[in-house]
Amino acid sequence: MPKGFWGLWFLLFFIWLAINSSLAIETISAGAFISLALSIFFVRSTSVWRGFNFNSAQVLHFIRYTGVFIVELVRANIDLMRHIYSPALDIRPGTVKLKTNLKSPIGRLAIANSIALTPGSLVLGMDDDCLLVHCLNADAETASQTILEPFEKHLEQVFG
């Protein structure tokens with residue numbers, strides 16, 4: 001198998017198990033097969049996954065990242081709800097350019113998707129190590145601390 005296959009298979013299989021919340025033999029078998037098929041397809045059709053391998057430290061950071069993502073998702077939803085129900089709309093929408101330390105394409109993709117999935121922010125574009133993000137409060141320093149930093153430290157350990 002090409003390099004990166006087993007890391008991608010493990011990642012997809014872990015996501016499958018987390019989404020299904022079942023350890024039934026049928027669920028595990030289906031997840032293993034679907035993860036296998038997708039891993040073969042992605043490793044052969046793109047070069048992004050070829051240099052990617054998991055080790056135990058990366059798995060631990062991916063689990064931590066998942067927890068951080070869930071916390072940030074809930075926090076962003078509550079913050080957005082606070083803005084919606086507030087009588088005075090206290091927002092300064094705009095775009096900010098955020099520099100990421102992530103070097104791998106898959107790491108940058110993961111952080112862009114993490115930002116886009118949290119309410120109140122949207123990645124408009126990527127240029128090398130910079131992300132163009134539209135957010136409710138367009139202060140570059142605050143946006144970097146609240147949007148980028150929670151995800152970046154764990155994703156950097158997983159994807160580089």
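This short talk walks through the fold of one protein, then its helices H1 and H3, and then a buried histidine in H5.

What we have here is a predicted model, and I will start with the overall picture. The protein contains 5 helices and 3 strands, which follow one another along the sequence in the pattern α-α-α-β-α-β-β-α. Measured out along its principal axes, the C-alpha trace spans about 55 × 35 × 25 Å, and 35% of the 160 residues count as buried. If we take the contacts with a separation of 6 or more, 73% of them are between residues 24 or more positions apart.

Let me turn to H1, which covers residues 5-20. Its 16 residues, at 1.5 Å a residue, should span 22 Å, and since the end C-alpha atoms are 22 Å apart, the expected value and the model agree. The buried residues of this helix are Phe5, Gly7, Leu8, Trp9, Leu11 and Phe13, and they pack against H2, residues 25-45, and against H3. Just after H1 comes serine 21, which takes a positive phi of about 50°.

H3 runs over residues 56-85, and here too the length can be checked, because 30 residues at 1.5 Å each should span 44 Å, which agrees with the 44 Å between the end C-alpha atoms. Buried along H3 are Gln58, His61, Phe62, Tyr65, Phe69, Glu72, Ala76 and His83.

How, then, do H3 and H4 pack, and at what angle? H4 covers residues 105-117, and the two helices meet at an angle of about 25°, with their axes 10 Å apart; angles under 35 degrees count as roughly parallel, and H3 and H4 are therefore roughly parallel to each other. From H3 the contact is made by Tyr65, Phe69 and Leu73, and from H4 by Ala110, Ser114 and Leu117. By type, the residues of this contact divide into 5 nonpolar, 1 polar and no charged. On the spacing within a helix, an α-helix has 3.6 residues a turn, so residues three or four places apart point the same way.

Finally, I would like to look at histidine 154, which is placed in H5, residues 140-159. Is this residue buried or exposed? Histidine 154 has a relative accessible area of 8%, and because buried means under 20%, it counts as buried. Leaving aside neighbours within four places in sequence, histidine 154 is in contact with His61, Arg64, Tyr65 and Val68. With histidine 61 there is also a polar contact of 3.4 Å between the two side chains, and His61 is itself among the buried residues of H3.

Terms used: Residues are numbered from 1 along each chain as its sequence is written. This is a predicted model: local features need pLDDT of at least 70, side-chain atom pairs count only at pLDDT 80 or more; totals for chains, interfaces and linings use all residues. Side-chain values use heavy atoms; hydrogens and water are left out. Axes are lines fitted to C-alpha atoms, for helices over the stretch in contact, and angles run from 0 to 180 degrees between N-to-C directions. Helices (H or I, at least four residues) and strands (E, at least two) are DSSP runs, numbered from the N terminus. Angles under 35 degrees count as roughly parallel, over 145 as roughly antiparallel, 65 to 115 as roughly perpendicular and the rest as oblique. Contact means heavy atoms within 4.5 Å. Ala, Val, Leu, Ile, Met, Phe, Trp, Tyr, Cys and Pro count as nonpolar, Asp, Glu, Lys and Arg as charged, and the others, Gly among them, as polar. The expected span of a helix is 1.5 Å times one less than its number of residues. Buried means under 20% relative accessible area, exposed over 50%, partly exposed in between (1.4 Å probe, protein chains only). A polar contact is a pair of N or O atoms within 3.5 Å; within protein, one must be able to donate a hydrogen and the other to accept it, and residues adjacent in sequence count only if both atoms are side-chain atoms.
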